[in-house]
Amino acid sequence: MTNENTDKQLLHLVFGGELETVDGLTFRDLDALDLVGIYPNYASAQKVWKQKAQQSVDNAHMRYFIVHMHRLLDPETDGQ
């Protein structure tokens with residue numbers, strides 16, 4: 001049963017990997033991607049993204065991303 005007062009679930013994926021160039025978006029090794037997890041809202045995804053990005057600050061080629069999965073599942077979805 002769904003409670004109408006509950007916040008809408010807006011799924012976000014956090015993942016990262018080493019890029020071929022610091023200004024590109026091509027990963028060096030797709031098998032080595034770090035699939036961090038899926039989170040129920042942007043705030044919790046951003047918190048984890050920030051932690052992972054700070055852990056890899058010494059590697060200029062390592063980047064972490066947040067994917068708005070809810071926008072892929074339902075393009076009409078509002079919010080972050």
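What percentage of the 80 residues in the protein chain do buried residues make up? Buried residues make up 25% of them, in a model that is predicted, and the legends below begin with the whole chain before turning to single sites.

**Figure 1. Overview of the predicted model, with its elements and its confidence values.** The protein chain holds two helices and three strands, which follow one another from the N terminus in the order β-β-α-β-α. Of the contacts in the chain with a separation of 6 or more, 61% are between residues 24 or more positions apart. The mean pLDDT of the chain is 89, and 86% of its residues reach 70 or more. Among the elements, β2 has the highest mean pLDDT, 98, and helix α2 (residues 69-73) the lowest, 88. Over residues 1-5, by comparison, the pLDDT is below 50, and this stretch has zero contacts in the model beyond near neighbours in sequence.

**Figure 2. Close-up of helix α1, residues 42-55.** The helix comprises 14 residues, which at 1.5 Å a residue should span 20 Å, and this agrees with the distance of 20 Å between its end C-alpha atoms. At the start of α1, a side-chain oxygen of N41 comes to within 3.3 Å of the backbone nitrogen of A43.

**Figure 3. Close-up of the salt bridge between E18 and R28.** The structure holds two salt bridges, and in this one the side chains of E18 and R28 meet at 3.4 Å, N to O. Because E18 lies in strand β1 (residues 12-18) and R28 in the loop between β1 and β2 (34-39), the pair ties together parts that are 10 residues apart in sequence. Both partners count as partly exposed, E18 with a relative accessibility of 32% and R28 with a relative accessible area of 45%.

**Figure 4. Close-up of the salt bridge between D34 and K52.** Here the side chains of D34 and K52 meet at 3.2 Å, N to O. The pair links distant parts of the chain, with D34 in strand β2, K52 in helix α1, and their positions 18 residues apart in sequence. With a relative accessible area of 22%, D34 is partly exposed, since the buried class ends at under 20%.

**Figure 5. Close-up of the largest nonpolar core and the surroundings of I66.** Five residues make up this core, namely V14, Y39, A45, V48 and I66. When neighbours within four places in sequence are left aside, I66 is in contact with H12, L13, V14, Y42, A45, Q46 and W49, so that V14 and A45, which also belong to the core, appear among the contacts of I66.

**Figure 6. Close-up of H12 and the polar atoms around its side chain.** H12, which is placed in strand β1, counts as buried, at 0% relative accessibility. A polar atom of the H12 side chain lies 2.7 Å from the backbone oxygen of L10, and a polar atom of that side chain lies 3.5 Å from the backbone nitrogen of Y42.

**Figure 7. Close-up of W49 in helix α1.** W49 is partly exposed, with a relative accessible area of 30%. Leaving aside neighbours within four places in sequence, the residues in contact with W49 are V14, Y64, F65 and I66. Of these, F65 is 16 residues from W49 in sequence, while the C-alpha atoms of the two are 7.0 Å apart in space. In addition, a polar atom of the W49 side chain lies 2.9 Å from the backbone oxygen of Y64.

Key:
Residues numbered from 1 in each chain as written. Heavy atoms only, no water. Helix = DSSP H or I, 4+ residues; strand = E, 2+ residues; numbered from the N terminus. Expected span 1.5 Å × (residues − 1). Polar contact = N/O pair within 3.5 Å; in protein donor to acceptor, adjacent residues only side chain to side chain. Salt bridge = Lys/Arg side-chain N within 4 Å of Asp/Glu carboxyl O. Buried < 20%, exposed > 50% of the residue type's maximum accessible area, 1.4 Å probe, protein only. Core = buried A, V, L, I, M, F, W, Y, C linked by side-chain atoms within 4.5 Å. Contact = heavy atoms within 4.5 Å. pLDDT = per-residue confidence, 0-100.
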